[in-house]
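Please read the points below with the model open beside you. Each one takes a place in the chain and says what can be found there.

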Amino acid sequence: MEKTATLSESFQNFYNSFIDQLPGIGLGVLIIILGTLIGAWVGNFARQRISQRTQDPLMSRFLGKAIRITFFIIAVMLALRAAGLGAIATGILTAAGASAVVLGFAFKDIGENFIAGIILAFNRPFNVNDTVEIGDNFGKVKALEFRYTKLKTFDGKDVYIPNSDVLTTPVTNYTEDGFFRWNFTIGIAYEDNIDGAKKVVMEALRQEPNVIEDEEHENFVIEDELATSTVNLKVFFWVDTKDFRRMALITKGSVVRKVKEALEDNGFYMPADIQEIKLYGAAKDSPLRFEQTTQSIDNTSNADSKKS
């Protein structure tokens, strides 16, 4: 009987305590709801404003999520304290810290990529639609996520590169300032005038509208090599790489064609490589035979005799 009374009293005390804390619990729930809503609104507002000013989707998404999560955590801590559960809030923070250490070791690679994504959100050597080369991968940046960077190669492949590799691998950005210098080699005959050929090449470059030339980007032609049958000239010229790689390749092809036609129109000869064949040993050891040629010559001589 005493045990039943004790149990009844305990239940009654718990009920009374719960009723006393009910306003605090309701206030805590209200704080969580308001914190979540306010965090979502502020996060979306910040994401839109940052996206409009920086045109950086990764940074805007990161800051938007960070603001929402921060508001939610603060709201939960305040709600627990409002409900009279401050000790639980302290325990949650302690457990979260310990769990973060354990999870950090368990998911080391994922953690590295995530941290690398955060670093790239604030300091990144490229933007979306830039043409870049990351390691052996060459293409346009199509997406920036916290774990990976997506490239679209020019032969149609989608490459997902972990952000940790992006930070540790040399990155070449072909479109950061919008300029790229092409070069190609063209050979002229030894008897041709080199200065005259260089003037013709430079004039052909100026006739191509997509070739850029200003104080910072100078086009030029230099003597490159004395080859077997040609004097090789190396042509350097600048192009716009905002539409790299298609437009830059089309411009290069147009320049090569115009230079070749201009040299031909001005009387310059571009010989093919000359190969010399030397035969060593007696004629009997040679695989070449001239019987047919001799017979043809004899036949021609007989025909001429008959005509005369």
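**Notes on the model**

1. Salt bridges come first. The structure holds seven salt bridges. The model is a predicted one, and the distances and accessibilities in these notes are computed from it. Three of the bridges are taken up in the next points.

2. Arg206 and Glu203 form a salt bridge through their side chains, with 3.9 Å from N to O. A salt bridge requires the nitrogen to be within 4 Å of the carboxyl oxygen, so the pair at 3.9 Å counts as one. Both residues belong to helix 6 (residues 194-206), and because they are three residues apart there, about one helical turn separates them. Glu203 is partly exposed, its relative accessible area being 41%.

3. Glu203 also deserves a look for its surroundings. Its place is in helix 6. In sequence, Glu203 and Val259 are 56 residues apart, yet in space their C-alpha atoms are 8.7 Å apart.

4. Which side chain meets that of Lys258 in a salt bridge? The partner is Glu208, at 3.2 Å from N to O. This pair links distant parts of the chain, with the two positions 50 residues apart: Lys258 sits in helix 7 (residues 246-265), and Glu208 in the loop between helix 6 and strand 7. Is each partner buried or partly exposed? Lys258 has 23% relative accessibility and counts as partly exposed, whereas Glu208 is buried, with a relative accessible area of 5%. The cut-off for buried is under 20%, so Lys258 at 23% does not fall in that class.

5. Helix 7 holds a bridge between two of its own residues. The side chains of Lys260 and Glu264 meet at 3.1 Å, N to O. The two are four residues apart in helix 7, so they are separated by about one helical turn. Lys260 is partly exposed at 38% relative accessible area, and Glu264 is partly exposed at 41% relative accessibility.

6. Next come the aromatic rings. A search of the whole structure gives seven aromatic pairs. In one of them, the ring centres of Phe138 and Phe154 lie 5.4 Å apart and the planes make an angle of 45°, so this pair is tilted. Phe138 is in strand 2 (residues 137-144), while Phe154 is in the loop between strand 3 (148-153) and strand 4 (158-162); the pair therefore ties together parts that are 16 residues apart in sequence. Phe154 counts as partly exposed, at 40% relative accessibility.

7. A second pair has another geometry. The rings of Phe220 and Phe236 have centres 4.7 Å apart and planes at 20°, so the pair is stacked. The angle limit for stacked is under 30 degrees. Phe220 lies in strand 8 (residues 220-226) and Phe236 in strand 9 (residues 231-240), so this pair ties together parts that are 16 residues apart in sequence. Phe220 is partly exposed, with a relative accessible area of 28%, whereas Phe236 is buried, with 9%.

8. Which residues form one aromatic cluster? They are Phe138, Phe154, Tyr174, Phe180 and Trp182. The tilted pair of Phe138 and Phe154 is thus part of this cluster.

9. The surface has a negative patch formed by Glu176, Asp177, Glu213, Asp214, Glu215, Glu216 and Glu218. Of these residues, take Glu218 as an example. Glu218 is located in the loop between strand 7 (211-212) and strand 8. At 53% relative accessibility, Glu218 counts as exposed, because the class begins over 50%.

10. A nonpolar patch of about 420 Å² is also present on the surface, made by Leu27, Leu30, Leu34, Ile38 and Phe71. Which element gives the most to the nonpolar patch? Helix 1 (residues 2-54) does, with four residues. Leu30 lies in helix 1 and counts as partly exposed at 44% relative accessibility.

11. The last point concerns the backbone. Most residues other than glycine have a negative phi. Asn129 has a phi near 75°, which is a positive value in a residue other than glycine. Asn129 is found in the loop between helix 4 (108-122) and strand 1 (131-134), and at 43% relative accessibility Asn129 counts as partly exposed.

Conventions. Residues numbered from 1 in each chain as written. Predicted model: local features only at pLDDT ≥ 70, side-chain atom pairs only at ≥ 80, totals over all residues. Heavy atoms only, no water. Phe/Tyr/Trp six-rings, centres within 6.5 Å; stacked < 30°, edge-to-face > 60°. Buried < 20%, exposed > 50% of the residue type's maximum accessible area, 1.4 Å probe, protein only. Patch = residues over 30% accessible without salt bridge, like charges linked within 9 Å, V, L, I, M, F, W, Y side chains within 5 Å. Areas by Shrake-Rupley, 256 points an atom, 1.4 Å probe, with all protein chains shown as cover. Lys, Arg positive; Asp, Glu negative; His and termini not counted. Charge placed at Lys NZ, Arg CZ, Asp CG, Glu CD.
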